[in-house]
Amino acid sequence: MASPPTLSVIIPTRNAALPLAQLLPQLTTARLDLDVIVSDGGSQDDSVEIAARHQARVTQAEGGRGPQLRAGQDLAFGDWLFFLHADSTLPRGWDAYILAFITDPARWNQAAYFQFQLDSDSASARRLERMVAWRCRTFGLPYGDQGLLISKEFLARLGGIPDLALMEDVALVRKIGKARLVALDAPLLTAADKFQRDGYLWRSAKNLTCLFLYFCGAPNRLLRWIYR
């Protein structure tokens with residue numbers, strides 16, 4: 001009998017000690033052979049120490065999230081890679097959704113993502129979630145805060161994680177293509193802090209502006225300045 005596929009969970013961090021300390025224990029419940037990698041971008045807090053305390057492997061990469069994810073990808077042992085933001089909360093039974101996907105031979109040339117959900121009870125959060133669901137359904141554009149599950153072999157054929165400081169998630173899912181992206185039937189909860197701090201309308205407008213300028217070929221340094 002063939003061994004079940006292994007999974008590397010790759011988490012980019014930069015001063016994410018608090019959410020990382022909440023996320024890593026959730027991974028210990030998995031009924032999977034996990035390889036957890038924290039790819040740090042120069043944290044000044046306890047992110048690296050917290051990662052080591054939870055037996056995660058740590059790598060360092062400067063220059064934004066794309067280089068961080070790429071460093072994690074290069075270090076990964078797993079047959080499958082799960083890219084996950086540090087401020088995520090996994091749904092109950094998350095490992096069952098992933099296991100069903102990665103043990104299906106038809107999925108080796110596909111990638112999966114979770115539904116977008118914010119940790120807020122506001123009506124603005126529900127509207128944004130509906131907009132994101134429409135964007136994913138219509139254009140095949142899930143963002144990194146929805147997680148991305150992809151086989152290491154398939155990702156290598158696509159050229160790996162794009163070496164971009166910002167919009168690396170959009171660049172990658174465009175390479176994958178809408179027809180090869182699968183929405184898992186469970187929500188991945190993400191922190192609403194940025195939306196609550198900046199306002200839902202203003203933060204959404206900034207995100208859309210970055211997306212528009214990216215498609216227009218604007219330099220990544222401009223997108224990072226707008227996004228901050």
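Met167 is found in the loop between H6 and H7, and it makes a good place to start in this predicted model. Although Met167 is not a glycine, its phi is positive, at about 75°. Is Met167 buried or exposed? With a relative accessibility of 9%, Met167 counts as buried, because the cut-off for that word is under 20%. From here, the tour moves on to another loop residue, then to helices, a strand and some rings.

**Two more loop residues**

- Gln55 lies in the loop that joins helix H2 (47-53) and S3.
- The phi of Gln55 is near 60°, which is again a positive value in a residue other than glycine.
- Gln55 has a relative accessible area of 67%, so it is exposed, a word kept for values over 50%.
- Arg107 has its place in the loop between helix H4 (94-102) and strand S6 (111-118).
- With a relative accessible area of 24%, Arg107 is partly exposed, because this value falls between the 20% and 50% cut-offs.
- Setting aside residues up to four places away in sequence, Arg107 touches Trp80, Phe101 and Val182.
- Arg107 and Ser8 are 99 residues apart along the chain, and 17 Å separates their C-alpha atoms.

**Helix H3 and what covers it**

- Helix H3 spans residues 65-75, and its buried residues are Gly66, Pro67, Gln68, Leu69, Ala71, Gly72 and Gln73.
- Which elements help to cover the buried residues of H3? Among the strands are S1 (7-13), S2 (34-40), S3 (57-60) and S4 (80-83).
- Helices take part in that cover too, including H6 (152-157) and H7 (168-176).

**How H7 meets H9**

- H7 packs against helix H9 (residues 200-215) at an angle of about 55°, and their axes are 11 Å apart.
- That angle makes H7 oblique to H9.
- The two helices, H7 and H9, cross in a right-handed way.
- On the H7 side, Val170, Ala171 and Arg174 meet Leu211, Tyr214 and Phe215 of H9.

**Thr190 in strand S8**

- Thr190 belongs to strand S8, which covers residues 181-190.
- Why is Thr190 classed as buried? Its relative accessible area is 4%, and buried means under 20%, so Thr190 meets the cut-off.
- Which residues is Thr190 in contact with, leaving aside its neighbours within four places in sequence? They are Asp87, Phe116, Gln117, Leu118, Asp119 and Asp145.

**Rings beside rings**

- Counting rings whose centres lie within 6.5 Å of each other, the model has seven aromatic pairs.
- One of these pairs is Phe195 with Tyr200, with 5.5 Å from centre to centre and 20° between the planes.
- The Phe195 and Tyr200 pair is stacked, because planes under 30 degrees apart count as such.
- Phe195 and Tyr200 are both buried.
- Ring pairs also link Trp80, Phe101 and Trp108 into a cluster. Two members of that cluster, Trp80 and Phe101, are touched by Arg107.

**Charges over rings**

- Arg57 has its charged end over the ring of Phe77, 3.8 Å from the ring's centre.
- Arg135 lies over the face of Tyr143, and here the distance to the ring centre is 3.6 Å.

Methods:
Residues numbered from 1 in each chain as written. Predicted model: local features only at pLDDT ≥ 70, side-chain atom pairs only at ≥ 80, totals over all residues. Heavy atoms only, no water. Phe/Tyr/Trp six-rings, centres within 6.5 Å; stacked < 30°, edge-to-face > 60°. Buried < 20%, exposed > 50% of the residue type's maximum accessible area, 1.4 Å probe, protein only. Lys NZ or Arg CZ within 6 Å of the ring centre and 35° of its normal. Helix = DSSP H or I, 4+ residues; strand = E, 2+ residues; numbered from the N terminus. Contact = heavy atoms within 4.5 Å. Axes fitted to C-alpha atoms, helices over the stretch in contact; angles between N-to-C directions. Parallel < 35°, antiparallel > 145°, perpendicular 65-115°, else oblique. Left-handed = near helix turned anticlockwise from the far one by under 90°.
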